Structure formats: C-alpha cells, structure tokens
Amino acid sequence: MNPGKLFVFTGPSGTGKGTILSQVLACEPQLRLSVSATTRQPREGEVNGVHYWFMSQAEFENKIEHDAFLEHACYVGNYYGTPEQPVNDQLAEGYDVILEIEVQGAMQIHKKRPDAIMVFVAPPSMEELSNRLHGRGTESSEKVAARLAQAETELSHQSQFDYVIVNDDLGEAIADLRAILRAERCRVVR
C-alpha cells in the first residue's frame, strides 16, 4: 500500500474554503480531513476528536515542547494547532489527508513538510470578497475591514503555493480541487 498524500488548503476568510472542502470530502472517500487541537472550550454540540481535540493549556504547551504539532498558533488567547501523529497515521494507512488552516499555519507546514501539496483559495476580486464578508451579516464593519486587510496580506503569499483556485464559481472551484487531488495521486515523483 502506498502512503497517502498531505494537502494543505488555505486562503483568506470568505473565499469559500469550507464550502468547497465539504463538497469535495463528500465525494472523495480516500480523503480525510485533519482534526485540529485547541485550548478553547467546546461549544454546544462539539465532540472531542470530531470537531477539535480539546486540550488544557498545559497539555497543549507540553505538546509544543515535544514538537508534536505540524503547526500551531495562539489566536485570541487560545492555542490552535494540527497534531502530527494522527495525520501521519492516516497517511501511513494510505489515506490522503487535507488540512484546512490559516495561511500562517500553512507557511509553517510548508517549512516542516516540503512534501505537502499547497493549495490556496483566492477570491475573484477584493470587491467580491468584501461583498461576501458583508453579506454574511455575522460581523461588524470594523471586523470585516480587519478581515479584508488580513486578506490582502494573505493574498501576497499565493506565489508560494503549488496551486491557486480562484473561487468565482463554486462548481468550478470544487472541480478544480478534485482535479488537483487526482493529478497528485497520478504523479510519479514529487
């Protein structure tokens, strides 16, 4: 059995990463979504090991000291990260594993795991991204402005990725990700 391939899937908030990925996961039985770890408290309905691996701060920091994460960051007072061992286990079983993470974490993984296939999702334009973020109606104008400023910074990293999917049409973006998965599975040498 050949080991699976590691995919990193990232892009600015509002580009449709989660929507694309949920559709692709539903029709790609060989693909597994990595479960992140966090020190934040579980929200109602969240299940440990399904939505996140919930850890104490001391446990998380111990894992950082033992280099047990592919990537990690502290965001709004809580740690978030990708435990390496479950990813390696699934890869060894022949599954492809995809991580949906922030650009900062993607860049950490790019350094630690040069074999990772890096996929960036971009909006068709900053204007369209602004419309999407405002259209959610879930955040204040100030938070949307902060997300747009962050998006500009994140978009500057596109050239460091193996693939860029412009999510102008959801169906095409889904087809693009599936084509990337298929092409990488057919690749002889990486």
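The following paragraphs lead through the side-chain pairs, the helix packing and two individual residues of this predicted model.

Salt bridges are a convenient place to begin. Side chains of opposite charge can pair when their charged atoms come close. Ten salt bridges are present in the structure. One of these joins Arg178 to Glu28, with 2.8 Å between the closest N and O atoms. The two partners come from distant parts of the chain, 150 residues apart. Arg178 belongs to helix H7, which spans residues 170-186, whereas Glu28 is placed in the loop between helix H1 (17-27) and strand E2 (31-33). The surroundings of the two residues can be described by their accessibility. Arg178 has a relative accessibility of 34% and therefore counts as partly exposed. Glu28, at 8% relative accessibility, counts as buried, because buried means under 20%.

A second salt bridge is formed by the side chains of Glu84 and Arg113, at 3.7 Å from N to O. Glu84 is found in helix H3 (residues 84-92), and Arg113 in the loop between helix H4 (103-112) and strand E8 (117-122), so this salt bridge ties together parts that are 29 residues apart in sequence. Both ends of the pair can be placed by accessible area. For Glu84 the relative accessible area is 16%, and the residue is buried. Arg113 is buried as well, at 14%.

The salt bridge between Arg132 and Glu128 is set within a helix. Their closest N and O atoms are 3.1 Å apart. Because Arg132 and Glu128 are four residues apart in helix H5 (residues 126-136), about one helical turn separates them. Arg132 is partly exposed, with a relative accessible area of 22%, and Glu128 is likewise partly exposed, at 29%. Elsewhere, salt bridges with shared partners connect Asp67, Glu84, Lys112, Arg113 and Asp115 into one network. Asp67, a member of this network, is located in the loop between helix H2 (57-65) and strand E5 (69-75). The backbone of Asp67 has a phi value near 55°, which is positive although the residue is not a glycine.

The aromatic residues come next. A pair of aromatic rings is described by the distance of the centres and the angle of the planes. The structure contains five aromatic pairs. In one of them, Phe60 and Phe69 are stacked, with 4.3 Å from centre to centre and 20° between the planes. Phe60 and Phe69 are both buried. Ring pairs also join Tyr52, Phe54 and Tyr80 into a cluster. A ring may also be approached by a charge: the charged end of Arg32 sits over the ring of Tyr95, 3.8 Å from the centre of that ring.

Tyr80, one of the residues in the aromatic cluster, can be followed further. This residue lies in strand E6 (residues 78-83) and is partly exposed, with a relative accessible area of 23%. Apart from its neighbours within four places in sequence, Tyr80 has contacts with several residues, among them Ala37, Thr38, Arg40, Tyr52 and Phe60. In contrast to these contacts, Tyr80 and Ala122 are 23 Å apart in space from C-alpha to C-alpha, with their positions 42 residues apart in sequence.

Ile109 provides another viewpoint. This residue is placed in helix H4 and is buried, with a relative accessible area of 0%. Ile109 and Leu70 are 39 residues apart in sequence, yet their C-alpha atoms are 5.9 Å apart in space. Leu70 also appears among the contacts of Ile109 beyond four places in sequence, together with Val8, Glu71, Leu99, Ile101 and Ala116.

Helix packing completes the account. Two packed helices are described by the angle between their axes and the distance between the axes. The axes of H5 and helix H6 (residues 141-155) come within 10 Å and cross at roughly 145°. The crossing of H5 and H6 is right-handed. On the H5 side, the contact is made by Met126, Leu129, Ser130, Leu133 and His134. The residues of H6 that take part are Ser141, Val144, Arg147, Leu148, Ala151, Glu152 and Leu155. Helix H5 thus holds the Arg132–Glu128 pair and packs against H6.

Conventions:
Residues numbered from 1 in each chain as written. Predicted model: local features only at pLDDT ≥ 70, side-chain atom pairs only at ≥ 80, totals over all residues. Heavy atoms only, no water. Salt bridge = Lys/Arg side-chain N within 4 Å of Asp/Glu carboxyl O. Helix = DSSP H or I, 4+ residues; strand = E, 2+ residues; numbered from the N terminus. Buried < 20%, exposed > 50% of the residue type's maximum accessible area, 1.4 Å probe, protein only. Phe/Tyr/Trp six-rings, centres within 6.5 Å; stacked < 30°, edge-to-face > 60°. Lys NZ or Arg CZ within 6 Å of the ring centre and 35° of its normal. Axes fitted to C-alpha atoms, helices over the stretch in contact; angles between N-to-C directions. Left-handed = near helix turned anticlockwise from the far one by under 90°. Contact = heavy atoms within 4.5 Å.
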